[in-house]
Amino acid sequence: MPRARALTDNTPPALFSLAGHPLRWRLLRALACSDLRVRELCGWLGRPQSLVSYHLRLLRRAGVVSSRRSSADGRDAYYRLELDRLSLLLSEAGPALHPGLRLAASDGGTLRPRRRARPLRVLFLCTGNSARSQIAEALLLERSRGTVEVASAGSSPKPLHPDAVRVARELGIDISDRTPKHLSTFGRRRFEFVISLCDRVREVCPEYPGAPQTIHWSIPDPAAAPGNGAFERCAAELDTRIGFFLELVGDTDPSRIELFEPTTP
(Lines give C-alpha, C1' and ligand atoms only; values in the text may rest on other atoms or scores of the structure.)
Protein backbone atom coordinates (compact mmCIF):
# COMPACT_ATOMS: atom_id res chain seq x y z
CA MET A 1 0.00 0.00 0.00
CA PRO A 2 1.24 3.55 -0.67
CA ARG A 3 2.60 5.40 2.30
CA ALA A 4 0.50 8.28 3.58
CA ARG A 5 2.01 11.71 3.09
CA ALA A 6 3.43 13.05 6.31
CA LEU A 7 1.60 16.04 7.79
CA THR A 8 4.37 18.27 9.07
CA ASP A 9 2.40 21.39 10.03
CA ASN A 10 0.42 20.74 13.21
CA THR A 11 -0.57 24.38 13.78
CA PRO A 12 -4.31 24.82 13.20
CA PRO A 13 -5.31 27.57 10.77
CA ALA A 14 -5.99 30.95 12.38
CA LEU A 15 -9.72 30.73 11.71
CA PHE A 16 -10.06 27.49 13.65
CA SER A 17 -8.21 28.95 16.64
CA LEU A 18 -10.25 32.14 16.57
CA ALA A 19 -13.70 30.71 16.02
CA GLY A 20 -13.14 27.59 18.10
CA HIS A 21 -13.77 29.46 21.35
CA PRO A 22 -17.52 29.45 22.10
CA LEU A 23 -17.69 33.11 23.15
CA ARG A 24 -15.70 34.31 20.14
CA TRP A 25 -17.91 32.21 17.87
CA ARG A 26 -20.99 33.94 19.29
CA LEU A 27 -19.36 37.33 18.81
CA LEU A 28 -18.62 36.53 15.18
CA ARG A 29 -22.18 35.32 14.66
CA ALA A 30 -23.61 38.51 16.13
CA LEU A 31 -21.35 40.84 14.13
CA ALA A 32 -22.04 38.92 10.92
CA CYS A 33 -25.51 40.44 10.96
CA SER A 34 -24.97 44.01 12.13
CA ASP A 35 -22.42 46.44 13.56
CA LEU A 36 -22.87 46.58 17.34
CA ARG A 37 -21.63 48.31 20.47
CA VAL A 38 -19.95 46.53 23.36
CA ARG A 39 -22.88 47.02 25.73
CA GLU A 40 -25.21 45.40 23.19
CA LEU A 41 -22.91 42.41 22.90
CA CYS A 42 -22.55 42.18 26.68
CA GLY A 43 -26.30 42.30 27.16
CA TRP A 44 -26.84 39.49 24.68
CA LEU A 45 -24.02 37.30 25.95
CA GLY A 46 -24.72 37.99 29.62
CA ARG A 47 -20.98 38.41 30.19
CA PRO A 48 -19.03 41.28 31.80
CA GLN A 49 -17.57 43.97 29.57
CA SER A 50 -14.01 43.10 30.57
CA LEU A 51 -14.39 39.56 29.23
CA VAL A 52 -16.18 40.60 26.04
CA SER A 53 -13.61 43.33 25.39
CA TYR A 54 -10.78 40.82 25.86
CA HIS A 55 -12.15 38.49 23.16
CA LEU A 56 -12.94 41.42 20.87
CA ARG A 57 -9.32 42.49 21.23
CA LEU A 58 -8.15 39.05 20.06
CA LEU A 59 -10.47 39.23 17.06
CA ARG A 60 -9.25 42.72 16.23
CA ARG A 61 -5.61 41.59 16.49
CA ALA A 62 -6.36 38.93 13.87
CA GLY A 63 -7.97 41.53 11.62
CA VAL A 64 -11.40 39.88 11.49
CA VAL A 65 -13.07 42.57 13.60
CA SER A 66 -12.53 46.33 13.60
CA SER A 67 -14.07 49.26 15.44
CA ARG A 68 -15.11 52.82 14.66
CA ARG A 69 -16.06 55.67 16.94
CA SER A 70 -19.76 56.35 16.91
CA SER A 71 -20.75 59.51 15.07
CA ALA A 72 -23.65 59.82 17.52
CA ASP A 73 -21.53 59.51 20.67
CA GLY A 74 -17.77 59.78 20.32
CA ARG A 75 -17.29 58.01 23.65
CA ASP A 76 -18.82 54.88 22.18
CA ALA A 77 -17.68 52.60 19.35
CA TYR A 78 -19.26 50.20 16.90
CA TYR A 79 -17.63 46.86 16.15
CA ARG A 80 -17.89 45.33 12.71
CA LEU A 81 -16.90 42.10 11.04
CA GLU A 82 -14.21 42.40 8.35
CA LEU A 83 -15.92 40.14 5.86
CA ASP A 84 -13.16 40.15 3.24
CA ARG A 85 -10.53 39.19 5.82
CA LEU A 86 -12.72 36.46 7.26
CA SER A 87 -13.44 35.15 3.76
CA LEU A 88 -9.69 34.91 3.12
CA LEU A 89 -9.08 32.99 6.35
CA LEU A 90 -11.94 30.67 5.51
CA SER A 91 -10.52 29.96 2.06
CA GLU A 92 -7.14 29.13 3.64
CA ALA A 93 -8.56 26.92 6.40
CA GLY A 94 -10.15 24.26 4.19
CA PRO A 95 -7.11 23.26 2.11
CA ALA A 96 -4.98 23.22 5.27
CA LEU A 97 -7.07 20.27 6.39
CA HIS A 98 -7.59 18.61 3.01
CA PRO A 99 -6.85 19.76 -0.58
CA GLY A 100 -10.36 18.80 -1.60
CA LEU A 101 -11.85 21.43 0.71
CA ARG A 102 -11.02 24.39 -1.47
CA LEU A 103 -13.81 26.94 -1.79
CA ALA A 104 -15.26 27.80 -5.16
CA ALA A 105 -14.44 31.29 -6.41
CA SER A 106 -17.05 33.93 -5.57
CA ASP A 107 -19.08 35.51 -8.34
CA GLY A 108 -18.46 38.96 -6.90
CA GLY A 109 -21.70 39.23 -4.99
CA THR A 110 -24.00 39.84 -7.95
CA LEU A 111 -27.39 38.30 -7.37
CA ARG A 112 -28.56 36.08 -10.19
CA PRO A 113 -32.18 36.75 -11.16
CA ARG A 114 -34.42 34.44 -9.14
CA ARG A 115 -38.09 33.78 -9.14
CA ARG A 116 -39.91 35.38 -6.24
CA ALA A 117 -43.57 35.91 -5.53
CA ARG A 118 -42.59 39.58 -5.27
CA PRO A 119 -39.29 41.48 -5.14
CA LEU A 120 -37.40 41.82 -1.88
CA ARG A 121 -37.84 45.34 -0.45
CA VAL A 122 -34.94 47.14 1.22
CA LEU A 123 -34.68 50.66 2.71
CA PHE A 124 -31.34 52.39 3.38
CA LEU A 125 -31.22 55.20 5.94
CA CYS A 126 -28.65 57.84 6.83
CA THR A 127 -28.77 61.44 8.03
CA GLY A 128 -28.74 63.53 4.85
CA ASN A 129 -29.71 60.98 2.18
CA SER A 130 -27.16 62.86 0.11
CA ALA A 131 -24.32 60.33 -0.22
CA ARG A 132 -24.09 57.01 1.64
CA SER A 133 -27.69 55.87 1.33
CA GLN A 134 -27.95 57.11 -2.25
CA ILE A 135 -24.85 55.16 -3.27
CA ALA A 136 -26.09 52.09 -1.40
CA GLU A 137 -29.49 52.26 -3.09
CA ALA A 138 -27.91 52.50 -6.52
CA LEU A 139 -25.42 49.69 -5.86
CA LEU A 140 -28.00 47.25 -4.53
CA LEU A 141 -30.34 47.95 -7.42
CA GLU A 142 -27.49 47.40 -9.88
CA ARG A 143 -25.96 44.33 -8.21
CA SER A 144 -29.34 42.63 -7.77
CA ARG A 145 -30.17 43.22 -11.43
CA GLY A 146 -33.49 44.72 -10.50
CA THR A 147 -34.68 41.75 -8.42
CA VAL A 148 -34.67 43.91 -5.27
CA GLU A 149 -36.84 46.98 -4.73
CA VAL A 150 -34.63 49.58 -3.07
CA ALA A 151 -35.28 52.99 -1.53
CA SER A 152 -33.29 55.41 0.61
CA ALA A 153 -34.08 58.28 2.95
CA GLY A 154 -32.58 60.53 5.62
CA SER A 155 -33.52 62.05 8.96
CA SER A 156 -32.38 65.52 7.76
CA PRO A 157 -32.28 65.45 3.94
CA LYS A 158 -29.65 67.53 2.15
CA PRO A 159 -28.97 68.13 -1.55
CA LEU A 160 -27.32 65.27 -3.40
CA HIS A 161 -23.54 65.53 -2.98
CA PRO A 162 -21.67 65.98 -6.28
CA ASP A 163 -18.95 63.55 -5.18
CA ALA A 164 -21.58 60.88 -4.58
CA VAL A 165 -22.76 61.41 -8.16
CA ARG A 166 -19.17 61.25 -9.39
CA VAL A 167 -18.28 58.05 -7.53
CA ALA A 168 -21.47 56.33 -8.66
CA ARG A 169 -20.73 57.36 -12.25
CA GLU A 170 -17.26 55.82 -11.94
CA LEU A 171 -19.04 52.57 -11.02
CA GLY A 172 -21.18 52.88 -14.13
CA ILE A 173 -24.30 54.12 -12.32
CA ASP A 174 -26.06 57.46 -12.87
CA ILE A 175 -27.73 58.90 -9.77
CA SER A 176 -27.74 62.53 -10.87
CA ASP A 177 -31.54 62.64 -11.06
CA ARG A 178 -32.09 61.22 -7.54
CA THR A 179 -33.96 63.36 -4.99
CA PRO A 180 -33.16 63.15 -1.25
CA LYS A 181 -36.17 62.10 0.84
CA HIS A 182 -37.13 62.28 4.50
CA LEU A 183 -37.48 58.95 6.30
CA SER A 184 -41.15 59.78 6.99
CA THR A 185 -41.76 59.47 3.23
CA PHE A 186 -41.80 55.71 3.64
CA GLY A 187 -43.65 55.61 6.96
CA ARG A 188 -46.45 53.47 5.50
CA ARG A 189 -44.34 51.36 3.16
CA ARG A 190 -43.48 47.79 4.03
CA PHE A 191 -39.91 46.57 3.79
CA GLU A 192 -38.27 43.25 4.55
CA PHE A 193 -35.02 44.96 5.57
CA VAL A 194 -34.20 48.43 6.91
CA ILE A 195 -30.45 49.10 6.87
CA SER A 196 -29.12 52.14 8.74
CA LEU A 197 -25.76 53.47 7.59
CA CYS A 198 -25.39 56.26 10.14
CA ASP A 199 -25.04 55.94 13.92
CA ARG A 200 -27.23 59.00 14.51
CA VAL A 201 -30.10 57.84 12.33
CA ARG A 202 -30.08 54.41 13.97
CA GLU A 203 -31.21 56.05 17.21
CA VAL A 204 -34.11 57.95 15.61
CA CYS A 205 -35.24 55.31 13.13
CA PRO A 206 -39.03 54.96 13.29
CA GLU A 207 -40.90 51.68 13.33
CA TYR A 208 -42.05 50.60 9.90
CA PRO A 209 -45.10 48.43 9.17
CA GLY A 210 -44.59 44.70 9.11
CA ALA A 211 -41.69 44.66 11.61
CA PRO A 212 -38.85 44.54 9.04
CA GLN A 213 -35.47 43.06 9.84
CA THR A 214 -33.11 45.83 10.97
CA ILE A 215 -29.39 45.93 10.19
CA HIS A 216 -26.80 48.59 11.08
CA TRP A 217 -23.68 49.35 9.05
CA SER A 218 -21.62 52.02 10.82
CA ILE A 219 -20.13 53.87 7.85
CA PRO A 220 -18.49 57.31 8.22
CA ASP A 221 -20.07 60.19 6.34
CA PRO A 222 -17.67 60.92 3.43
CA ALA A 223 -19.08 64.45 3.17
CA ALA A 224 -17.81 65.19 6.70
CA ALA A 225 -14.21 64.88 5.50
CA PRO A 226 -14.22 65.05 1.69
CA GLY A 227 -11.04 64.47 -0.26
CA ASN A 228 -8.34 61.86 0.16
CA GLY A 229 -10.58 59.21 -1.35
CA ALA A 230 -13.33 59.39 1.31
CA PHE A 231 -16.12 58.84 -1.21
CA GLU A 232 -14.22 56.06 -2.97
CA ARG A 233 -13.67 54.24 0.34
CA CYS A 234 -17.33 54.67 1.23
CA ALA A 235 -18.48 53.23 -2.10
CA ALA A 236 -16.00 50.33 -1.86
CA GLU A 237 -17.17 49.40 1.63
CA LEU A 238 -20.81 49.59 0.60
CA ASP A 239 -20.12 47.44 -2.44
CA THR A 240 -18.45 44.78 -0.28
CA ARG A 241 -21.22 44.75 2.30
CA ILE A 242 -23.94 44.66 -0.35
CA GLY A 243 -22.24 41.72 -2.03
CA PHE A 244 -22.32 39.75 1.22
CA PHE A 245 -25.87 40.93 1.92
CA LEU A 246 -26.99 39.47 -1.41
CA GLU A 247 -25.38 36.18 -0.46
CA LEU A 248 -27.27 36.32 2.84
CA VAL A 249 -30.71 36.85 1.35
CA GLY A 250 -30.20 34.78 -1.81
CA ASP A 251 -33.54 33.28 -2.77
CA THR A 252 -34.51 32.63 0.85
CA ASP A 253 -37.90 33.66 2.19
CA PRO A 254 -37.09 36.82 4.23
CA SER A 255 -39.26 35.58 7.10
CA ARG A 256 -36.87 32.64 7.49
CA ILE A 257 -33.72 34.76 7.76
CA GLU A 258 -32.94 35.13 11.44
CA LEU A 259 -30.75 38.12 12.27
CA PHE A 260 -29.22 38.92 15.64
CA GLU A 261 -31.36 41.34 17.65
CA PRO A 262 -29.32 42.71 20.59
CA THR A 263 -30.85 43.43 23.95
CA THR A 264 -29.40 46.60 25.43
CA PRO A 265 -29.18 46.47 29.23
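The exercises below, each with a worked solution, concern the sheet, cores and helix packing of a predicted model.

Local features require pLDDT of at least 70 and side-chain atom pairs count only at pLDDT 80 or more, whereas totals for chains, interfaces and linings use all residues. Residues are numbered from 1 along each chain as its sequence is written, and side-chain values use heavy atoms, with hydrogens and water left out.

**Exercise 1. Determine which strands stand at the edges of the three-stranded open sheet.**

Solution. Strands (E, at least two residues) and helices (H or I, at least four) are DSSP runs, numbered from the N terminus. Two strands pair if DSSP finds at least two bridges between them.

- Step 1: The strand order is E1-E3-E2, with antiparallel pairing.
- Step 2: Strands E1 (36-37) and E2 (65-69) are the edges; each has a single partner strand, so one side of each is left without a neighbour in the sheet.
- Step 3: E2 pairs with E3 (residues 77-81) in the antiparallel sense, over five bridges.
- Step 4: Ser 66 is found opposite Arg 80 in E3.

**Exercise 2. Identify the residues that touch the most other members of the largest nonpolar core, and the elements that supply it.**

Solution. A nonpolar core is a set of buried Ala, Val, Leu, Ile, Met, Phe, Trp, Tyr and Cys residues joined through side-chain atoms within 4.5 Å. Buried means under 20% relative accessible area, exposed over 50%, and partly exposed in between (1.4 Å probe, protein chains only).

- Step 1: Of the 44 residues in this core, Val 122, Phe 124, Leu 140, Leu 197, Trp 217, Leu 238 and Phe 245 touch the most other members.
- Step 2: At least two core residues come from each of strand E4 (120-126), helix H6 (132-143), strand E5 (148-154), helix H7 (162-170), strand E6 (193-196) and helix H9 (230-249).
- Step 3: H9 gives the most, with eight residues.
- Step 4: A second, separate core of 23 residues includes Leu 15, Leu 27, Ala 62 and Val 65.

**Exercise 3. Classify the packing of H6 against H9 and of H3 against H4.**

Solution. Axes are lines fitted to C-alpha atoms, for helices over the stretch in contact, and angles run from 0 to 180 degrees between N-to-C directions. Angles under 35 degrees count as roughly parallel, over 145 as roughly antiparallel, 65 to 115 as roughly perpendicular and the rest as oblique.

- Step 1: H6 and H9 pack at about 45 degrees, their axes 10 Å apart.
- Step 2: These two helices, H6 and H9, are therefore oblique to each other.
- Step 3: Contact means heavy atoms within 4.5 Å; residues making it include Leu 139 and Leu 140 of H6 and Leu 238 and Phe 245 of H9.
- Step 4: The axes of H3 (residues 38-45) and H4 (residues 49-61) come within 10 Å and cross at roughly 115 degrees.
- Step 5: H3 and H4 are therefore roughly perpendicular.
- Step 6: Among the residues in contact are Leu 41 and Cys 42 of H3 and Val 52 and Leu 56 of H4.

**Exercise 4. Describe the surroundings of Cys 126.**

Solution.

- Step 1: Cys 126 lies in strand E4.
- Step 2: Its relative accessibility is 2%, so Cys 126 counts as buried.
- Step 3: Leaving aside neighbours within four places in sequence, Cys 126 is in contact with Arg 132, Ser 133, Ala 153, Gly 154, Ser 155, Leu 197, Cys 198 and Val 201.
- Step 4: The C-alpha atoms of Cys 126 and Asp 221 are separated by 8.9 Å, although these residues are 95 residues apart along the chain.
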